[in-house]
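Q: Hey, could you walk me through this one? I'd like to go over helix packing, strands and odd backbone spots.
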Amino acid sequence: MNAQEGLRGSYWIETAPGGEAAPPPAGDISVDVAVVGGGMAGLSAAWELARRGREVAVLEAGRIAGGVTGYTTAKLTALHTLIYDHLRRTRGRESARLYADSQSAAIRRAAEIVDDLGIECEWEEAAACTYAEGAGNVAQLRAEAEAAREAGLPAEFVTGTDLPYPVAGAVRVTGQAQFHPVKYLRALTEELRRRGAAVYEGTRVTGLTEGEPCVLSTGDGVEVRAREVVVATHYPVFDRALLFTRLSPRRELVVAGAIDANRAPRDMYITPEQNTRSVRSAPYPDGQRLLIVTGEHFTPGAADVEERFARLAAWADSRFPGLTLTHRWATQDNDSTDSVPLVGPLHPGSRHTYVATGFGGWGLSGGIMAGRLISDLVEGREVEWAGLYDPRRLGSVVREGGSFLKHQVHVVRHFVGDRLPPPTAPAPEDLTSGDGAVIRVGGHQCAVHRDDSGQLHAVSARCTHLGCLVAFNRAEQAWECPCHGSRFSPDGSILQGPAVRPLEKREVQSL
């Protein structure tokens with residue numbers, strides 16, 4: 001299975017055309033609040049602040065909802081795999097309760113917005129289930145059901161589901177939702193504009209000077225002055241508190257295809273088994289449903305992505321025989337080392353800058369929660385769960401323990417290993433069409449790609465974020481940084497941050 005065989009990309013992007021992109025600001029501007037990032041977290045924060053009378057500008061490097069939000073599986077739930085038993089053990093029952101309250105409030109908030117604005121976004125109420133096929137994991141599920149129930153969710157342990165294959169058990173939470181995230185955010189964007197907010201696309205923010213006001217600079221040389229700044233770029237493009245030491249990026253694959261409505265599951269499912277498998281369905285034309293299967297998470301830069309797509313497709317076919325795939329895409333998430341998002345002041349000295357990151361695959365409920373939390377912080381309001389998510393939390397560094405060290409070892413291995421000559425390296429003539437490799441030329445590491453016409457293209461292999469060596473993802477035709485998740489197209493342009501500068505071009509003639 002590959003893109004050349006007719007499979008399309010993100011279903012959400014495909015079915016919510018965005019029209020012409022909003023232009024970047026024509027000159028310097030001044031606003032009350034500047035929001036960097038036009039995904040779920042950024043637009044939720046902009047919406048909450050605009051409706052409270054703040055003058056807001058949203059600055060998006062690409063298209064609204066065209067980043068991670070446009071490539072999600074679009075589940076809006078407070079049941080995040082096995083989070084509650086983990087929180088109960090590591091941070092106590094009160095933290096688990098606050099997590100459940102805040103995530104559930106986000107779902108209710110989204111439902112209110114959909115209803116109040118009359119947004120057509122395929123909103124459906126559904127139960128969320130974390131399941132296991134292996135009997136050895138049942139005790140873990142029972143503990144999660146108990147912890148989630150203690151935290152205030154309507155959770156129960158069940159052994160029956162509407163999946164077409166048997167499970168050993170599942171945690172089931174009712175009253176959750178699934179929807180079309182891009183239609184939701186584009187409708188929210190239009191309402192923002194009606195309220196006087198400015199939304200700019202194709203506007204990459206490259207610099208931040210904190211002060212009164214704060215000053216943002218863009219790649220086009222424009223300055224944006226704002227009393228408050230919200231950094232909602234998924235992975236922070238500005239990191240004054242070394243948050244990159246507490247975030248680890250991972251990519252995850254998605255395959256989807258039409259299925260008869262009577263064969264499609266109505267609830268939403270996820271299992272941590274088999275390198276994660278997530279299943280849900282969405283409305284689809286002609287009375288069918290679109291089956292969406294997610295899994296095979298890996299660190300950016302992995303070489304076997306095509307094989308992983310094939311494994312995921314084979315799994316989908318084995319569980320739903322006869323499924324014809326029509327779409328495939330991939331998404332990227334950032335896991336915090338203590339499993340709780342980082343939402344609040346950007347660093348210990350922050351007075352007017354805020355960040356939202358580390359949603360660990362649950363950025364829809366997390367992003368809506370973050371928008372409400374940050375807007376309350378900007379307004380000076382007390383929020384019960386602010387301490388749970390505060391990026392400045394110190395006790396969590398101790399609790400993070402092994403996860404924190406594991407991530408640091410991974411990054412250090414790349415920083416050191418990338419600077420050593422590889423034992424073997426391909427020559428440019430060894431590259432087939434569509435392939436890429438890092439090749440040392442004249443003492444410099446070059447990222448070399450051969451396009452479908454046979455032409456070679458070369459850029460620097462050093463990520464412009466912190467200098468790790470990129471690797472080529474052939475399935476997605478992208479250079480990826482395994483340290484912090486920056487992604488670049490074969491010509492070096494930025495696909496995904498935290499990098500804010502492209503990879504420098506290299507002369508092909510020297511290869």
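What follows is a chat about the helices, strands and unusual backbone spots of this model.

Q: Before we start, what kind of model is this, and what do I need to know about the numbering?
A: It's a predicted model: local features need pLDDT of at least 70, side-chain atom pairs count only at pLDDT 80 or more, and totals for chains, interfaces and linings use all residues. Residues are numbered from 1 along each chain as its sequence is written, and side-chain values use heavy atoms, with hydrogens and water left out.

Q: OK, helices. At what angle do H3 and H4 cross?
A: Helix H3 (residues 83-90) and helix H4 (residues 93-117) cross at roughly 145°, and their axes come within 6 Å. Axes here are lines fitted to C-alpha atoms, for helices over the stretch in contact, and angles run from 0 to 180 degrees between N-to-C directions. The helices (H or I, at least four residues) and strands (E, at least two) are DSSP runs, numbered from the N terminus.

Q: Which residues of H3 and H4 meet there?
A: From H3 you have Ile-83, Tyr-84, Leu-87 and Arg-88, and they meet Arg-93, Ser-95, Ala-96, Tyr-99 and Ala-100 in H4. By class, that contact has six nonpolar, one polar and two charged residues. Contact means heavy atoms within 4.5 Å. For the classes, Ala, Val, Leu, Ile, Met, Phe, Trp, Tyr, Cys and Pro count as nonpolar, Asp, Glu, Lys and Arg as charged, and the others, Gly among them, as polar.

Q: And how far apart are the axes of H3 and H5?
A: The axes of H3 and helix H5 (residues 138-150) are 7 Å apart, with a packing angle of about 75°. That is why the two count as roughly perpendicular to each other. The cut-offs: under 35 degrees is roughly parallel, over 145 roughly antiparallel, 65 to 115 roughly perpendicular, and the rest oblique.

Q: Which residues of H3 and H5 meet?
A: Ile-83, Tyr-84, Asp-85 and Arg-88 in H3 meet Ala-143, Glu-144, Glu-146, Ala-147, Ala-148 and Glu-150 in H5. The residues of this contact divide into five nonpolar, no polar and five charged.

Q: Is H8 mostly covered or exposed?
A: Mostly covered: 13 of the 16 residues of H8 are buried. Buried means under 20% relative accessible area, exposed over 50%, and partly exposed in between (1.4 Å probe, protein chains only). Just after H8, Gly-380 has a positive phi of about 80°.

Q: Switching to strands. How many residues of E13 are buried?
A: Six of the seven residues of strand E13 (residues 277-283) are buried, so E13 is largely enclosed by the rest of the structure.

Q: What does E13 pair with?
A: Strand E12 (residues 268-271) pairs with E13 in the antiparallel sense over three bridges, and Ile-270 stands opposite Ser-278 in E13. Seven bridges join E13 to strand E14 (residues 288-298), again antiparallel, with Pro-283 opposite Arg-289 in E14. Two strands pair if DSSP finds at least two bridges between them.

Q: What sits in the turns?
A: E12 and E13 form a hairpin with five residues between them, and Gln-274 in the turn has a positive phi of about 55°. The hairpin of E13 and E14 has four residues between the strands, and there Asp-286 takes a positive phi near 65°.

Q: Any positive phi in the loop between E2 and E3?
A: Ala-65 has a positive phi of about 60° although it is not a glycine, and it lies in the loop between strand E2 (56-59) and strand E3 (75-76). Ala-65 is buried, with a relative accessible area of 1%. Ala-74 lies in that loop between E2 and E3 too, with a positive phi near 65° and a relative accessible area of 0%, so buried. For background, most residues other than glycine have a negative phi, and most peptide bonds are trans.

Q: Speaking of peptide bonds, where are the cis ones?
A: One cis bond joins Glu-212 and Pro-213, with omega about 10°; Pro-213 is in the loop between strand E8 (205-209) and strand E9 (214-218). Another joins Gly-497 and Pro-498, with omega about 25°, and Pro-498 lies in the loop between strand E24 (494-496) and E25.

Q: Last one: what order do the strands take in the sheet with E25?
A: It's an open sheet of four strands in the order E18-E19-E20-E25, with antiparallel pairing. Strand E18 (436-441) and strand E25 (505-506) are the edge strands, each pairing on one side only.
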